[in-house]
Amino acid sequence: MKISILSISAAFSTVPVLAVSASSFWPPSDELSDDSSCVDIGLDGELAPYRQSLTLPNTYQNSYSDTIFHPLFTSSSLNGDVTDDSLTKAVIFIHGLAGDANTYFCDGLDISPSDVLVISPWFGDAQVSADDWGGANSSDSSSWTSTYWTSSNWVKGGDASPDPSRYTTSFDVIDVIIQQLADLKKSGKYKNLERVTVNGFSAGAQLASRWSIFSPYANNDSELSLDFTVRTIVADGSSYVYLDSTRPDDSCVTLEDTGTTHTCSSFSVPSSASSCSSYNGWKYGLDFTELSANVYLEPYASDSDLLDSQVSTYVSNPEVYFLFGDKDVCNCNYEGYSNPQISSTCYPTHTSCTPNSFGGTLNDVECCDTYPDTGSSNALAVGCEEMVQGSNRLQRGINYMEHLNNLGGNVTYGFFEGGHDNAAFYASDLFDDWAFN
């Protein structure tokens, strides 16, 4: 099926309401220490009225007896204690690898119309109590403890860790949020909710794109009777899950910026497969041979028919959208890559990005491949598993679109003006249209 290709930029804003319980500690982790985006829109940096403790079901029959919750920020309560007929959409903003859910929440508030419920889950690196976090739906939450991840395993849907093990996953968290919204609609609390959009940028895009393959919620499974549409928007991920063992041919992975007009019509098992045996393992592909710490995916690892059926469902899902920064083309740590010799693209002034093994300098400024998301770290992954997908984020994204197209995909994608820039992503005309209209 033909892919729809759309184009570029703009913004609008409205600041919504709130009301959940307050707490007195802050911050629980360095990940939430930067409150500048919140202060800029007139909010207290602790965001106490917006913090909520979302209880999670014991889906996998873990023996752990205490209540487990997921910490999140929300512009209106998910506990069923608020009725709001004005809300027609909910948008879930997933943070990047830095774990700055507060920043993504406040950025979401800043751009969202008043009829949008804004939610930002924190896939954080620290465990907190519900009494500290606040927003519990019980007066006795003293024994509640939160999910947390001591590694980036959340990016690929992994189990919360290290304790309690095998209780829930980052995929489950998104599912539970959507089910809670479905329950609130059915109860009449948010009766006019028409669509829930899950969006992720960078590492958040990796989570959102992988979740959208396997979640029955992402695929609008009719058995769930959601009574609203679920949409996924993915932007500027560093890698994607290929649905077969092929990858773009070498001609599609040239070591340079190939622009938004880049195409790829030829895919095959990569010539480097023998020296890069993990190129098709989970996170990058559907080889679950070494799957670990992901209880959500275990049924697919043991049932090839179930996996094939799920892939077919995903490929035909029209509610998965992709956006790519047209200047997200820098690579500072792969030998032989030719970065555009443009200051504003890969060598922005007032930055000092590391590591920089092969990007060199321009006008005494170090190469920077993740700007403006960060002006100090080069975060583009350049392992063999990523490099067989493309040499930069834009190229990898377009190659993946062509891969889905080859499988008969029903996917829409487009571009925004900018590099690795979540603010430009949110300000784009396409995000506005896809998330809010």
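For a chain of 437 residues, a compact globule would have a radius of gyration near 22 Å, and the value of 21 Å computed for the predicted model agrees with this; the radius is taken over C-alpha atoms, and the globule rule is 2.2 Å times the number of residues to the power 0.38. The model being predicted, local features require pLDDT of at least 70 and side-chain atom pairs count only at pLDDT 80 or more, whereas totals for chains, interfaces and linings use all residues. Residues are numbered from 1 along each chain as its sequence is written, and side-chain values use heavy atoms, with hydrogens and water left out.

Along its principal axes, the C-alpha trace spans about 60 × 50 × 40 Å. The secondary structure comprises twelve helices and 14 strands, assigned as DSSP runs (helices H or I, at least four residues; strands E, at least two) and numbered from the N terminus. Of the 437 residues, 59% count as buried, where buried denotes under 20% relative accessible area, exposed over 50%, and partly exposed the range in between (1.4 Å probe, protein chains only). The accessible surface of the chain amounts to about 16300 Å², and carbon and sulfur atoms contribute 44% of this area; areas were obtained by the Shrake-Rupley method with a 1.4 Å probe, and for residues only the protein chains shown count as cover. Among contacts (heavy atoms within 4.5 Å) with a separation of 6 or more, 72% involve residues 24 or more positions apart.

The chain carries 17 positive and 56 negative charges, and the mean positions of the two sets are 7 Å apart. In this count Lys and Arg are positive and Asp and Glu negative, while His and the chain ends are not counted; each charge is placed at NZ of Lys, CZ of Arg, CG of Asp or CD of Glu.

A search of the whole structure yields six disulfides, identified as pairs of cysteine sulfur atoms within 2.5 Å. With bonded cysteines counted along the chain, the connectivity is 1-2, 3-4, 5-12, 6-8, 7-10, 9-11. One of these disulfides is formed by cysteine 38 and cysteine 106, with a sulfur separation of 2.1 Å. The torsion about its S-S bond is about 100°, so the disulfide is right-handed. This pair links distant parts of the chain, 68 residues apart, with cysteine 38 in helix α1 (residues 36-40) and cysteine 106 in helix α2 (residues 101-111). Both cysteine 38 and cysteine 106 are buried.

Cysteine 276 and cysteine 384 are likewise joined by a disulfide, with an S to S distance of 2.0 Å. Here the S-S torsion is about 85°, so this disulfide is also right-handed. Cysteine 276 occupies the loop between β10 (267-268) and α6 (298-301) and cysteine 384 lies in helix α9 (residues 384-387), so the pair ties together parts that are 108 residues apart in sequence. Cysteine 276 is buried at 2% relative accessibility, whereas cysteine 384 is partly exposed, at 34%.

A further disulfide connects cysteine 353 to cysteine 368, with an S to S distance of 1.6 Å. Its partners are 15 residues apart, cysteine 353 in the loop between α8 (343-346) and β12 (361-362) and cysteine 368 in the loop between β13 (365-366) and α9. Cysteine 353 is buried, with a relative accessible area of 0%, and cysteine 368 is buried at 1%.

Glycine 409 is situated in the loop between α10 (393-406) and β14 (412-416). This glycine is buried, with a relative accessible area of 2%. The C-alpha atoms of glycine 409 and threonine 254, 155 residues apart along the chain, are separated by 25 Å.
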